[in-house]
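Colleague: Got a minute for this one? I'd like to go through the helix packing, then the charged pairs.
Modeller: Sure, let's put it up.

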Number of protein chains: 2
Amino acid sequence: MASGILSALEEALAEWSTLLGEENVVMDLPSLRAAATTTFATRQTVAGIIRPASSVEVQECMRIANRFRVAVYPVSSGKNWGYGSRVPVADSSIILDLSRMNRILDFSEELAYVTLEPGVTQEQLYAFLVERGSRLWMDATGSSPECSMIGNTMERGFGHTPYGDHFANVCGFEVVLPTGERIETGYGRFAGAKATPVYRWGVGPVVDGLFTQSNMGIVTRLTMWLMPAPECFEALYFRCDKEDGLPDLIDALRPLRLNGTLRSSIHIGNDYKIVNALRQYPWEEMNGQTPLRGPVLDELRKRLNIGYWNGAGGLYGTRKQVAEARRLVSKALKGKVSKLQFLDDQKIRIAGRFSGVYRLVTGWDLAHTLEVLKPVYGLMKGIPTAKPMESVYWRKKTPAPAQPDPDRDGCGLLWFSPISPARGQDVDRLASLGSSVLLDFGFEPMISLTLIGDRTVACVISIAYDRDVPDEDARAAGCYSALQRSLSEEGYQPYRLGIQSMDGLRSEDGYSQVLRTIKNALDPHNVMAPGRYLAAKARV
Amino acid sequence: MASGILSALEEALAEWSTLLGEENVVMDLPSLRAAATTTFATRQTVAGIIRPASSVEVQECMRIANRFRVAVYPVSSGKNWGYGSRVPVADSSIILDLSRMNRILDFSEELAYVTLEPGVTQEQLYAFLVERGSRLWMDATGSSPECSMIGNTMERGFGHTPYGDHFANVCGFEVVLPTGERIETGYGRFAGAKATPVYRWGVGPVVDGLFTQSNMGIVTRLTMWLMPAPECFEALYFRCDKEDGLPDLIDALRPLRLNGTLRSSIHIGNDYKIVNALRQYPWEEMNGQTPLRGPVLDELRKRLNIGYWNGAGGLYGTRKQVAEARRLVSKALKGKVSKLQFLDDQKIRIAGRFSGVYRLVTGWDLAHTLEVLKPVYGLMKGIPTAKPMESVYWRKKTPAPAQPDPDRDGCGLLWFSPISPARGQDVDRLASLGSSVLLDFGFEPMISLTLIGDRTVACVISIAYDRDVPDEDARAAGCYSALQRSLSEEGYQPYRLGIQSMDGLRSEDGYSQVLRTIKNALDPHNVMAPGRYLAAKARV
C-alpha cells in the first residue's frame, strides 16, 4: 500500500499511534518546531515525536521503524545543551522521547547503587535520595536539574564528586537494539545473577561502551553507583592572579590526583568563565561593543575579585583525611595561587548569620567567595542546581527568566570540549589556542578546565552568543569550525561532539570501518540515529 | 591445489614459514605436545605454533589464516594457569604466540604510564622500572613473573595495588582484527592526538571491551597506567579464628573500600588456602588419605598460626593518610578479627636482624607473620614473585622444582572464579557452597576472596590435585562442573572461564546473539580462537 517516503512515514505514525496511544505521538507543528530548535543554527526538521513508556514499547517502536525504514532519534530528556539539545543529526527523523520511562527500579543503601530508567532526571534522583533519608550522594552535573541521568552518562558526561566519570560508575545495561531486540549486559544476561548491579564486566566480551556516544542501541535501564556521604566534606577554592600561572597550577594538581589526595575533579575557570557565571554581558560598560576585553575586563576582574584562573574542588573523607588533604593541597599550591580558601557547611552557616563579624575576625570576605562558589559547592556534594543555566543568557539584553529554556529563548551556545593530558604545557597551549580563536571571531573565550581523571584535563570552551542578533549564528558556526580544526591539528581531540560536527570524525580509519561494520550488522536499515557519531551511509 | 583440511593447513604453514622464517614456525612434536598440555585433561591437539614479531606480521598471519580457513589461537605468554594455559579451545588450531613482541614502546614518569606489547612480562616491566630508577609502581598478579602484562589484562585479571583492576587502567589499544585489519582505539585513531595514552574513551562508541575475554581481535599494543609510589606503604594482616566470622569481616571491610580508606584489594584466604601457600600436602600426618580435614587440619591451623579466615591488604598514602587508614581499619575490624597487625619496610628490616629481640619487646612473632605475608607483601607494592607458583605442587609427593612448570610437571589445577556482591551473607553463602562441593569430591577447598572493587568480591576456588594419580583428572573435571552448576544456580557467575567451560555461557540469550552477530561481521570465516568465550559456529 505504501509508496514513497511520505506514506511510509504516515503508516509508521499510524502504527505508533495504535501502539502508544495518540497522546504519545506528537505531531503538532509548534511542538515539532520546538524540538527542531537548539542553541545554534540547524536545518533538520522533526517529523514527529513518539513517547514509549516501557522497554517493550521501545522494542515495538523500533520494529515499526524498521518495517517502514523510518529514522528514529532517541533522546532521554533531550537537554543536551550546547551539543544540539533534541535535534536529530539526520533530517526528517522521528524523535523517540524516553522521558516517560522515569522509574527508579532498584535501590540499595548497603551496596550503594540505584537502578533507573532514562527518563529519571537529576532532580528526581536527588529528591528520591532525600526522601528516603539516604546517606548516599549522587553525582550531578552543572546542567539543568531536569537533565536525564542516563542521557548524560551515555554522552560520557562528567560531574563534580569522586563519581564524576559517569560511564565508569554504571553497569548492567538493558539495551534495545536498532532491530528491536532487547539485551542485558554484564551479568544481567544470567537470570538471578547476584552481582549484576555491582560488577561492570560480566564474563566474555564487554559491549557496554558500544552504546555510549553511539547510534547502536537505546539504553532503557542501567545501574548507577552512588557515593556514601563522607564524614566530612570541605570545598577548596583558589584564585591565581598571574595570567601565565596555569601551567604551574596543573603541574601542582596532577600529583595530588595521581596519589589519591584529590578524589574528585578540580574545576578551573578562566576570568571570562567566572564573569559569565556571575553576571550578564556588561553592555553598558562596553558601550554596546563586543567582545569583552581590555580595561573593562580588568576592572571586572578586580571588582568581582576574580583571578585569571579560578579553581574549585572538593575534599572528601574523615575529619583527619580531609585535614591531611588540606595540608597537602596547601603545600602543593603554595606560590602558585594568589588565594586559597577552604569552606565547609559550618563556615557557610556562620557566614550567613554574621557575615560582617566573620569578615572582621577572619579577614576573609566569605560572602563574596560564596557567591562565586555557591553553584559549585552543592554540585560537589551531588546536589543539582539550576543556577549555571542562567549563564547561557550572557549576551542577552534581558535577564534570564525564572524558567530558563535556552532553545526557546534564542540563546546561542556551542560547546567544544577537547581533552588534554594533565600537563601544564599541554593545557596551557590548549587554553591559549582556544582563547585566540574565540577572540578572533569576536566571542569571549569562556574556558573551564577539569581534571576529570588522574592524567587528563577536559576543557570546555563555550561560544555564547545571542541568536537574535543577525548573522551571529553563522559567525558562531565559523568559530566552532575554526576551533575544531586548529585544536585537532595540535592534537587536542574533543571527548564529545555536537550534532553539527559529527562529520568531523575521520571516516576512513580502521576504527571507523569497524564501527561501520558493527553498525551495519546491528542496524541493517540504518534506522537508529543515522549519522550520530558515525558518518551516515545511504539508507536502504 | 589445496584439497581437504590437511593440505590447506600445509599450505598455510608454508606461507607462514616464508613470512616469519622457519625458526618461527614450530612444528616439532614435543613442542606441540607441550603446548597442548595444561593443568587438567584436554583433548585438543595443536597443529603448529607461529611466532610473529610485529603487528604487521600478525596482520599478515591472520590474512593467511583467512585464505586457508585455518583456526588461529592467540596467546601472549600462554601462562593462563588454571584456565587452560596455551591450549586452544578448538581442536587442531594453530597457536599464534606473541611472546616475541616484547617491546616497551613508550614511557612517561610524569604522566605515569607505559606503552607495551603483549610479550612484555611482569618481570620485564618490573626490571624496566627498577633500571630507570622510576618512582612508579606496576600492578602485579600472584601468577608467575613470566606472565604477560597484556595477556592478564585481556583476561580481565586483577592484582594487589590500587591499580588492581587491570582492564580499568589501560587505554589506547592497537588491535589486529580477525581479517588482518589493524585499528587503534581511543584517541589512537587520530594521528598526533596528545591524549591517546591518558584517556580511555576517545570519542564515539568505545570498542575496547569487545577485545577482552574474546575472540574478536588481537591486542598488539596498549598503554597501561602506573601508580606513583606513595610516600608511605603499610601492609595489614589479620586473622579470624571464628569459622563463622566471614560475613562480619566482609561487612566491616566494604565501607572502608566504599569511602576510599582502602584504595586496593583486600585478599582473604581460608585456612586451606594458607596451609597450601605455606607447605605441601601433609601426606604423612594424613597417612596418605585425602582430603585434608579433621584433627590434622585443626592441628596445622594451630601450629602454623592460621585462622579460619586470613586477610592481607595494603595502605598507601602519606604518613598521615596511612596512620588514619590504620586507625579506621583497626576500628572497623575490632571484635571481628582475632589478630590485626601492620607491617612496613622498617619493621621487616628490624625483624630480619633481631627477630628474637623484636619478639621479646613487642610480643609479636614477626618472623612467622612474614612467612605468611611475604609473597603478598611484595605484590602489594607491585613486585612480581615466583613464590605462589609453588603452591600448585600441593598434592605432589616431591617438592616444587626450582623452575616450576605446572603444565610439564603434571600438576592438576582448575580455577573457578565467581563474583559476589561485597555483602557478608552473599560471600558466606558462596564460600560455604564452594567448600562443600570440593570436599564432596575429595578436594581441599582452597578459597581466596578478594574485594576487587568497592562493591564486589572475586572468589577464586582452586581444585588442586596430582594429574599423575589415576582418575584424578576425571574427578577434578566432575568437581568443576558441579561447582559451576551449583554456584550459577545460586546466582554466582564466574568473572572468567577456563577453556573447558566456555560452553557454560548461555548461547540463546540476546547478549550471546549480539556477540555472535558482531563476531560474524568481524570474523566471517571464524578463524580467530573459535569457541573462546562464545559458542563456536560451524566453520565455513
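Colleague: Start with α13(A) and α14(A). At what angle do they pack, and how far apart are their axes?
Modeller: Helix α13 (residues 424–440) of chain A packs against α14(A) at about 150°, and the axes are 10 Å apart. Axes are lines fitted to C-alpha atoms, for helices over the stretch in contact, and angles run from 0 to 180 degrees between N-to-C directions. This is a predicted model: local features need pLDDT of at least 70, side-chain atom pairs count only at pLDDT 80 or more, and totals for chains, interfaces and linings use all residues. Residues are numbered from 1 along each chain as its sequence is written, chains are lettered from A and ligands numbered from 1 in the order written, and side-chain values use heavy atoms, leaving out hydrogens and water.

Colleague: Parallel or antiparallel, α13(A) to α14(A)?
Modeller: Roughly antiparallel. The cut-offs are under 35 degrees for roughly parallel, over 145 for roughly antiparallel, 65 to 115 for roughly perpendicular, and oblique for the rest.

Colleague: Is the crossing of α13(A) and α14(A) left-handed or right-handed?
Modeller: Right-handed. That means the near helix is turned clockwise from the far one by less than a right angle; anticlockwise would be left-handed.

Colleague: Which residues make that contact?
Modeller: From α13(A), A:Leu430, A:Leu433, A:Gly434, A:Val437 and A:Leu438. From α14(A), A:Cys479, A:Ala482, A:Leu483, A:Ser486 and A:Leu487. Contact means heavy atoms within 4.5 Å.

Colleague: And α6(A) with α9(A), how do they pack?
Modeller: Helix α6 (residues 246–258) and helix α9 (residues 319–333), both of chain A, pack at about 150° with axes 9 Å apart. They are roughly antiparallel too, and their crossing is right-handed. A:Leu249, A:Ala252, A:Leu253 and A:Leu256 of α6(A) meet A:Leu328, A:Val329, A:Ala332 and A:Leu333 of α9(A).

Colleague: How are helices and strands assigned here?
Modeller: They are DSSP runs, numbered from the N terminus: H or I of at least four residues for helices, E of at least two for strands.

Colleague: On to charges. How many salt bridges are there over all chains?
Modeller: 70. A salt bridge is a side-chain nitrogen of Lys or Arg within 4 Å of a carboxyl oxygen of Asp or Glu.

Colleague: What does A:Lys396 do with A:Asp466?
Modeller: They form a salt bridge, with the closest N and O atoms 2.7 Å apart. A:Lys396 is in the loop between α12 (366–379) and β16 (411–416) of chain A, and A:Asp466 is in strand β19 (residues 456–466), so the pair ties together parts 70 residues apart in sequence.

Colleague: Are those two buried or exposed?
Modeller: Both are buried. Buried is under 20% relative accessible area, exposed over 50%, and partly exposed in between (1.4 Å probe, protein chains only). A:Lys396 is at 7%.

Colleague: Which salt bridge does A:Asp468 make?
Modeller: One with A:Lys396, at 2.9 Å from N to O. A:Asp468 is exposed at 58%.

Colleague: What about B:Glu117 and B:Arg103?
Modeller: Their side chains meet in a salt bridge, 2.7 Å from N to O. B:Glu117 lies in the loop between β6 (113–116) and α4 (122–131) of chain B, and B:Arg103 in the loop between β4 (93–97) and β5 (104–108), 14 residues apart. B:Glu117 is buried at 3%, whereas B:Arg103 is partly exposed at 46%.

Colleague: Which residues are linked in a network of salt bridges?
Modeller: A:Glu110, B:Asp251, B:Arg254, B:Arg423 and B:Asp426.
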